[in-house]
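Student: Could you take me through the helices and the unusual backbone angles of this model, one point at a time?

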Amino acid sequence: RFHHTSASHWCSCSKTITDEKYQDPFQLGRKDLKNLYEDIKKELLVSAAELKEMCDYYFDGKGKAFRPMIVVLMARACNIHHNNSKEVQASQRSVAIIAEMIHTASLVHDDVIDDANSRRGKRTLNQIWGERKAVLAGDFILSAASVALARIGNTTIISVLTQVIEDLVRGEFLQLGSKENENERFAHYLEKTFKKTASLIANSCKAVSILGCPDPKVHEIAYQYGKNVGIAFQLIDDVLDFTSCADHLGKPTAADLKLGLATGPVLFACRQFPEMNAMIMRRFSKPGDVERAWKYVLQSDGVQQTTYLAQRYCHAATREIRKLRPSPEREALVHLTEMVLMRDK
């Protein structure tokens, strides 16, 4: 239902900040994320040297910490909205740590499923230590995250964040399947995108809002912001798979096609090139399928339409977060929606 959206309908999201003072989310969130990776490593205390080395491998401090940053900014925005408190609670910061641990565990498991050989510009765990040990390392990181979650001691927060782990598994199962009906296929893709990417951000935002404010309306604002930003983030990721060079993205381009996945640009392109249907159903498994699909996508407006759709989700996220009382953190979260759209890796 989105491919009739006209370009003129969407103003550039870079125009959303006008009167407000520019807020760099990474600068604003930095003090709350100080020692983030050291604190994660404390959660992963383990005597076995090899398992410790594996667990520390991705927690090297070189990641952008995108998810924890959203979580601490949301915590501050909700605290200020509720009672003008300018401090992040220890339990809210714990949610940021747990979110990063769940995310990293999911990457380790994804790389095993996809038989990936590079991640963030370095070799994957499964390439170095083998699939079996990589699976166990991912499990161990998840178990440590669960212990940290239990320590918060709030059953509502436990329920909200364990939903993320269920969604990650269900999302992976959705990704392993496909739909023949074109309309069902797009809904399937968006549901998979929510479960695999956006649920973690949405539910982490909701968790810190619950810890900081008793108002269910605020919990819903936080959840909807995280959900919309999360879906937009993945849509842009799917665009970059076609538009970014491998060095920039830290993974090979056309990676999704090689895995047999039909993402947004492919599904939109299929509407202009129906002959792609057969390729989608066989998951681009025949020789030449990946190359042909790549050409069809670039000849179509699939990339453009997927970008418009990401703008639509960012617009919805901005609309939600503006319901909170003004604060530097709120404006940083608005600016973050623009950064999601503008990123090139």
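**Helices and positive phi angles**

Tutor: At 10% relative accessibility, Ala65 counts as buried, because buried means under 20% relative accessible area, exposed over 50% and partly exposed in between (1.4 Å probe, protein chains only). This is a predicted model, in which local features need pLDDT of at least 70 and side-chain atom pairs count only at pLDDT 80 or more, while totals for chains, interfaces and linings use all residues. Residues are numbered from 1 along each chain as its sequence is written, and side-chain values use heavy atoms, with hydrogens and water left out.

Student: In which loop is Ala65 found, and what is its phi?

Tutor: Helices (H or I, at least four residues) and strands (E, at least two) are DSSP runs, numbered from the N terminus. Ala65 is found in the loop between H3 and helix H4 (66-83). Most residues other than glycine have a negative phi. Ala65, although not a glycine, has a positive phi of about 55°.

Student: Is Asn84 buried, partly exposed or exposed?

Tutor: Asn84 lies in the loop between H4 and H5, and its phi is also positive, near 60°, in a residue other than glycine. With a relative accessible area of 40%, Asn84 is partly exposed.

Student: Where do the buried residues of H7 fall, seen down its axis?

Tutor: The buried residues of H7 are Ala134, Ala137, Gly138, Ile141, Ala144, Ala145, Ala148, Leu149 and Ile152. The face turned away from that buried side carries the exposed residues Arg132, Leu136, Val147 and Arg151. Taking the directions from the helix axis to the C-beta atoms, the buried residues of H7 fall within an arc of 145°, so they line one face of the helix.

Student: Which helices do the buried residues of H7 pack against?

Tutor: Contact means heavy atoms within 4.5 Å. The buried residues of H7 pack against helix H2 (36-43), helix H3 (49-56), helix H5 (90-114), helix H6 (125-129) and H8.

Student: How are H8 and H9 oriented, roughly parallel or roughly antiparallel?

Tutor: The axes, lines fitted to C-alpha atoms over the stretch in contact, give angles that run from 0 to 180 degrees between N-to-C directions. Those of helix H8 (residues 155-176) and helix H9 (residues 182-212) come within 8 Å and cross at roughly 170°. Angles under 35 degrees count as roughly parallel, over 145 as roughly antiparallel, 65 to 115 as roughly perpendicular and the rest as oblique, which makes H8 and H9 roughly antiparallel.

Student: How many residues of H16 are buried?

Tutor: Helix H16 covers residues 302-321 and has 20 residues. H16 is mostly covered, and its buried residues number 15 of 20.

Definitions and conventions:
The expected span of a helix is 1.5 Å times one less than its number of residues.
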